[in-house]
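I opened my notebook with a few simple things to look up in this one. My entries are short, and you are welcome to read along.

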Amino acid sequence: MRIGRLTRIKHRNNNQDLYIEYEFDDEIGLLSYASIYPLHGALDIRNWEMNRTHWAIKDEDLFEVLTKAGMIRARADAPKIDRSDLPAPTAPEEQAESVGTFVETILRLSDAKSEVFYRGHSKRKGYLLEPSLLRKDKKGNVIYLTNEDVMYRELLISNSGDFRDDVYTLDRLVRAQHYSLPTRLLDITSNPLIGLYFACISNLEEDGEVIMFSMASSRIKYFDSDTASCIANIARLSQEDKKSIDYSSMDIRKFNQQPAVKRLLHFIKEEKPYFEGRIRPADMRSVICVKGKHTNSRISFQSGAFLMFGHDATLPEEGSDDLKVLRIGISNKAEILSQLDRLNINERTVYPNIDNSAKYIAKRFALKAD
């Protein structure tokens with residue numbers, strides 16, 4: 001093992017790759033596996049991480065641990081990062097305190113040449129642009145991703161009747177998302193008032209935000225898209241299969257000859273027998289906007305669509321070349337919810353089922369004290 005520092009980092013390939021330059025610390029030289037292994041607990045390196053090379057950020061003082069172990073000589077302390085100086089979450093470009101100012105802002109920012117979708121966050125500092133499948137615990141470990149294929153199959157086994165009319169894997173993922181299973185789908189809506197409702201419905205004491213996603217209509221996929229089938233069926237691959245896929249070759253023929261990719265092709269052809277046996281590596285690692293079928297009243301009323309994340313795909317918080325991101329900060333939530341209710345945007349209509357209708361009616365007609 002070698003110790004060094006990063007000297008330069010740049011995005012490449014539409015933010016999908018990182019170009020990195022680094023330099024080794026020649027004063028330290030080589031460190032053997034045997035010497036590092038006893039320290040893996042102190043360095044927060046898991047057992048399984050000792051068997052591979054990969055990127056992982058660790059919140060430990062490497063030089064302090066190695067110095068105490070007598071592996072390197074003491075040196076002057078490196079400057080520490082003052083966490084209070086770290087950049088805050090991406091600040092909203094606009095601010096709205098009422099439905100009226102929100103609508104005015106939307107109309108001013110909307111581009112007639114682009115299609116626009118929205119997503120509401122009740123806490124501006126609490127959420128990232130990532131689907132539930134990719135969420136991590138406080139130590140940075142993914143919670144659900146390693147068992148994606150198992151969760152998908154277990155839900156189909158236990159509730160097979162609910163999925164009998166679904167043709168594509170994407171249809172099943174949309175339904176699974178509806179029932180709160182972690183998936184690689186991120187909910188968005190074409191109705192800005194629905195986005196505003198979700199920004200206000202909880203955490204009333206904190207500012208929320210509505211995120212606007214703008215993209216060319218040509219970039220939007222539909223439920224029967226071949227690209228959507230490629231990404232959706234990644235959910236059926238085992239974690240070992242996903243890890244084994246090599247994206248380094250630009251030769252599409254060689255890429256499609258990999259065993260894991262052949263398995264993916266098999267899954268795709270189950271729903272599309274006519275599918276040509278050629279998957280483009282770039283498609284597998286992209287984030288796409290998909291308009292799915294409105295298979296239930298909730299998706300229909302919420303004007304639902306999805307951002308679907310490919311293998312190891314991420315969406316920068318500031319957006320990308322193909323997907324523009326704008327943020328509108330939301331305050332005065334209680335008053336906004338009251339205004340939305342007068343526009344028939346409320347618990348009963350956003351979640352249209354008898355339970356929520358009953359709760360809404362009971363709340364609306366409850367006797368209020370003077």
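My notes below go from the whole chain to a helix pair and then to two loop residues.

**Entry 1: the whole chain**

I reminded myself that this is a predicted model. I started with the secondary structure and found 15 helices and 10 strands in the protein chain. Next I looked up the extent of the C-alpha trace, which spans about 75 × 55 × 40 Å along its principal axes.

How much of the protein chain counts as buried? I noted 41% of the 370 residues. For the accessible surface of the protein chain I wrote down about 21,600 Å², and carbon and sulfur atoms hold 51% of that.

I also checked the contacts with a separation of 6 or more: 71% of them join residues 24 or more positions apart.

**Entry 2: α3 and α6**

Two packed helices are described by the angle between their axes and the distance between the axes. I looked up both values for α3, residues 99-109, and α6, residues 192-200: their axes come within 11 Å and cross at roughly 130°. Angles of 115 to 145 degrees fall outside the parallel, perpendicular and antiparallel classes, so I entered α3 as oblique to α6. The hand of this crossing is right-handed.

Which residues make the contact? From α3 I listed Val99, Phe102, Val103 and Ile106. From α6 I listed Pro192, Leu193 and Leu196. Sorting the residues of this contact by type gave me seven nonpolar, no polar and no charged.

**Entry 3: positive phi**

Most residues other than glycine have a negative phi. With that in mind, I paused at two residues here.

Ser180 is not a glycine, yet its phi is positive, about 75°. I located Ser180 in the loop between α5 (169-178) and β5 (185-189). Is Ser180 buried or exposed? The cut-off for exposed is over 50% relative accessible area, and Ser180 has 63%, so I put it down as exposed.

Asn203 is my other case: again not a glycine, and again with a positive phi, about 50°. I found Asn203 in the loop between α6 and β6 (208-216), which took me back to a helix from my previous entry. The relative accessible area of Asn203 is 24%, so I noted it as partly exposed; buried would need a value under 20%.

**Entry 4: for a second look**

If you have the model open, I suggest viewing α3 and α6 together, starting from Phe102 and Leu196, both among the contact residues. From α6 you can then go on to Asn203 in the loop that leads to β6.

Definitions and conventions. Residues numbered from 1 in each chain as written. Predicted model: local features only at pLDDT ≥ 70, side-chain atom pairs only at ≥ 80, totals over all residues. Heavy atoms only, no water. Axes fitted to C-alpha atoms, helices over the stretch in contact; angles between N-to-C directions. Helix = DSSP H or I, 4+ residues; strand = E, 2+ residues; numbered from the N terminus. Parallel < 35°, antiparallel > 145°, perpendicular 65-115°, else oblique. Left-handed = near helix turned anticlockwise from the far one by under 90°. Contact = heavy atoms within 4.5 Å. Nonpolar A, V, L, I, M, F, W, Y, C, P; charged D, E, K, R; others polar. Buried < 20%, exposed > 50% of the residue type's maximum accessible area, 1.4 Å probe, protein only. Areas by Shrake-Rupley, 256 points an atom, 1.4 Å probe, with all protein chains shown as cover.
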